[in-house]
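The following account leads the reader through one model, from its overall dimensions to individual residues. Please consult the sequence and the coordinates alongside the text.

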Amino acid sequence: MDWARTRGCFEEASKVIVEAKGKIVKDEEDKIRKIIEKFESKSNQINQQIKTLQTSLEKLDSDMRPRIKHQNECLAKAKSELDSVKMESLKFKLAEICTLTVEKSIQTENNDFECPICNEIPDEYYCCDKCANWVCQKCKNKIDKCPFCNQNLIELPLRRNKALERLININR
Ligand SMILES: [Zn+2]
Ligand SMILES: [Zn+2]
């Protein structure tokens with residue numbers, strides 16, 4: 001046995017193994033580093049996309065807010081206009097009924113356009129908003145209920161009907 005030679009061989013082999021191990025470790029490290037780098041760049045990309053989305057969401061929100069507010073205001077306005085139109089047309093209809101009743105009285109040459117309470121022909125006609133019957137200006141101040149339909153006139157006062165007065169004056 002040549003111990004010196006054997007030892008030399010052994011040392012040589014050990015050196016080769018250490019080098020090989022080192023290379024393997026380095027290769028693995030490189031692989032892992034590459035994976036980490038890739039992951040980091042992907043994560044940065046995603047973060048950037050999230051930021052962009054957030055910015056556009058914020059912009060959309062600030063753009064939409066005044067528009068929604070404006071639309072709600074328009075809706076409320078339209079609703080109140082519709083309500084007042086409905087109310088006006090109702091008033092107009094009642095005045096029309098009142099006027100038609102007088103027209104009929106005139107056509108039949110009846111004295112039905114006298115005040116039903118004092119039987120005088122009034123200068124001013126005050127109509128009930130509920131039943132469209134009328135009284136004169138003097139009697140209006142003496143009643144707190146409509147003599148025809150019992151409507152409380154404090155809650156719903158009689159209203160002067162000038163169209164009716166004109167019509168009666170023309171036909172007098
Ligand atoms: Zn009267
Ligand atoms: Zn009435």
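**From strand pairing to overall form**

In this predicted model, three bridges connect strand 1 (residues 125–127) with strand 2, and the two strands run antiparallel. Within this pairing, Y125 lies opposite C136 of strand 2. The sheet to which they belong is open, comprises three strands in the order 2-1-3, and is paired in antiparallel fashion. Strand 2 (134–136) and strand 3 (159–160) occupy the edges; each has a single partner strand, so one side of each has no neighbour in the sheet.

The sheet is one part of a chain that contains three helices and three strands. Along the sequence these elements follow the pattern α-β-β-α-β-α. The radius of gyration is 50 Å, well over the 16 Å that the globule rule gives for 172 residues, so the chain is more spread out than a compact globule. Taken along the principal axes, the box filled by the C-alpha atoms is roughly 155 × 30 × 20 Å. Buried residues account for 9% of the 172 residues in the chain. Of the contacts with a separation of 6 or more, 46% are between residues 24 or more positions apart.

Helix 1 spans residues 3–107 and includes R67. Is R67 buried or exposed? It is exposed, because 9 other C-beta atoms lie within 10 Å, whereas a count of 12 or fewer suffices for that class. R67 and D129 are 62 residues apart along the chain, and their C-alpha atoms are separated by 41 Å.

Attention now turns to the nonpolar core. In soluble globular proteins, nonpolar side chains tend to be buried together. The largest nonpolar core here has 13 residues, of which Y125, Y126, C127, W134, V135 and L158 touch the most other members. At least two residues of this core come from each of strand 1, strand 2 and helix 3 (162–171). Which residues does V135 touch, leaving out those up to four places away in sequence? They are C115, P116, I117, Y126, K140, I143 and L158.

R160 belongs to strand 3. Apart from neighbours within four places in sequence, R160 is in contact with E124, Y125 and Y126. R160 counts as partly exposed because it has 14 C-beta neighbours inside 10 Å. The C-alpha atoms of R160 and S84 are separated by 20 Å, and these residues are 76 positions apart along the chain.

Two loop residues merit separate comment for their backbone angles. Most residues other than glycine have a negative phi. A132, although not a glycine, has a positive phi of about 70 degrees, and this residue sits in the loop between strand 1 and strand 2. N150 likewise is not a glycine and has a positive phi, near 70 degrees; its place is the loop between helix 2 (137–140) and strand 3.

How are A132 and N150 classed by exposure? A132 has 19 C-beta neighbours inside 10 Å and therefore counts as partly exposed, since the buried class begins at 20. N150 has 11 such neighbours and therefore counts as exposed.

How values were computed:
Residues are numbered from 1 along each chain as its sequence is written. Chains are lettered from A and ligands numbered from 1 in the order in which they are written. This is a predicted model: local features need pLDDT of at least 70, side-chain atom pairs count only at pLDDT 80 or more; totals for chains, interfaces and linings use all residues. Two strands pair if DSSP finds at least two bridges between them. Helices (H or I, at least four residues) and strands (E, at least two) are DSSP runs, numbered from the N terminus. A nonpolar core is a set of buried Ala, Val, Leu, Ile, Met, Phe, Trp, Tyr and Cys residues joined through C-beta atoms within 7 Å. Two residues are in contact if their C-beta atoms, placed from the backbone, lie within 7 Å. The radius of gyration is taken over C-alpha atoms; the globule rule is 2.2 Å times the number of residues to the power 0.38.
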